Amino acid sequence: MDNSAQWATPRPVGVALLGGGVVLLVAAALSGSDPPGLVIMGVAGLLLAAMGLGSLLVRPRLAAWPDRLEIRGITGRHSWSRAQITRIRIVSYPRFGRRVPNLEIDIDDEGTERLVILGRWELGEAPLDVADALRAQGYAIDEDKDLRLRPDRDSGTE
């Protein structure tokens, strides 16, 4: 039985970004009489296409087994044993006027400390749900006691 779990940006999102990038690039090519529009749409199209392609190629972003974690990025796939994972925690950062949860993983990579921060975009679901799945696999998850990101975790007091 395979006890793995994996998370990535949903494929339809990557396809939509890639499609939007292509549409913007075509629009840029057709706006020959408007040089500033050509540059703006061209750059936006390239960025959207790159984001879409990246989200389609870098899959799964995080994979977990009871004995190891694997994180995939543009530079390739990296795997760490449970002993190398020094801490996994949920942190929240202010973003666009509200606090957004992120999964923070501290790793001891043969004497080099690494910090990996994954948000909802990379994981394809709420970092709190991913933390629950990792906890079910036996990983210790630290949570900020003041973190009030999900109603079922609120104590009901202010």
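This briefing covers a four-stranded sheet, the helix packed on it, the salt bridges, a surface patch and some backbone features. The model is predicted. Its open sheet runs in the order β7-β6-β5-β8 and has mixed pairing. The structure holds six salt bridges, and one peptide bond described below, from R59 to P60, is cis.

**Sheet layout**

- The sheet is open and consists of four strands, with β6 and β5 standing between β7 and β8 in the order β7-β6-β5-β8.
- The edge positions belong to β7 (112-118) and β8 (141-143); each has a single partner strand, so one side of each lacks a neighbour in the sheet.
- Direction ignored, neighbouring strands are turned by 30° against each other on average.
- In general, the strands of a sheet are held in pairs by backbone hydrogen bonds, and the pairing is either parallel or antiparallel.

**Pairing of β5 with β8**

- Strand β5 spans residues 85-95 and pairs with β8 in the parallel sense, over three bridges.
- Two positions of this pairing can be picked out in the model: I90 stands opposite E143 of β8, and R89 stands opposite D142 of β8.

**Pairing of β5 with β6**

- β5 and β6 run antiparallel to each other, with ten bridges between them.
- The bridge partner of S92 is P101, which is in β6.
- The two strands form a hairpin with two residues between them, where F96 takes a positive phi near 55°.

**Helix on the sheet**

- Helix α4 (residues 127-136) packs on the sheet and touches β5, β6 (98-109), β7 and β8.
- The direction of α4 makes about 40° with that of β6.
- Helix α4 also carries a salt bridge between the side chains of R135 and D132, at 2.9 Å from N to O.
- R135 and D132 are three residues apart in α4, which means that about one helical turn separates them.
- Both ends of this salt bridge are partly exposed: R135 has a relative accessibility of 33%, and D132 has one of 29%.

**Salt bridge between β5 and β6**

- The side chains of D106 and R87 meet in a salt bridge, with 2.9 Å from N to O.
- This pair links distant parts of the chain, since D106 lies in strand β6 and R87 in strand β5, 19 residues apart.
- D106 is buried, because its relative accessible area of 14% is under the 20% limit.
- R87 counts as partly exposed, at 33% relative accessibility.

**Salt-bridge network**

- R77 forms a salt bridge with E70, and the closest N and O atoms are 3.3 Å apart.
- E70 is the buried end of this pair, with a relative accessible area of 11%, whereas R77 is partly exposed at 47%.
- R68, E70 and R77 are joined into one network by salt bridges that share partners.

**Nonpolar surface patch**

- L38, V39, V43 and L47 form a nonpolar patch on the surface, and together they have about 350 Å² of accessible area.
- One of these residues, L47, lies in helix α2 (residues 35-57).
- L47 counts as exposed because its relative accessible area is 54%, and the limit for that class is over 50%.

**Backbone features in loops**

- The peptide bond from R59 to P60 is cis, with omega near -15°.
- P60 is found in the loop that connects α2 to β2 (62-65).
- E110 has a positive phi of about 55°, although E110 is not a glycine.
- E110 is placed in the loop between β6 and β7.
- The relative accessibility of E110 is 75%, so E110 counts as exposed.

Notes. Residues are numbered from 1 along each chain as its sequence is written. This is a predicted model: local features need pLDDT of at least 70, side-chain atom pairs count only at pLDDT 80 or more; totals for chains, interfaces and linings use all residues. Side-chain values use heavy atoms; hydrogens and water are left out. Two strands pair if DSSP finds at least two bridges between them. Axes are lines fitted to C-alpha atoms, for helices over the stretch in contact, and angles run from 0 to 180 degrees between N-to-C directions. Contact means heavy atoms within 4.5 Å. Patches are made of residues with over 30% relative accessible area and no salt bridge: like charges are joined within 9 Å, nonpolar side chains (Val, Leu, Ile, Met, Phe, Trp, Tyr) within 5 Å. Accessible areas come from the Shrake-Rupley method with a 1.4 Å probe; for residues, only the protein chains shown count as cover. Buried means under 20% relative accessible area, exposed over 50%, partly exposed in between (1.4 Å probe, protein chains only).
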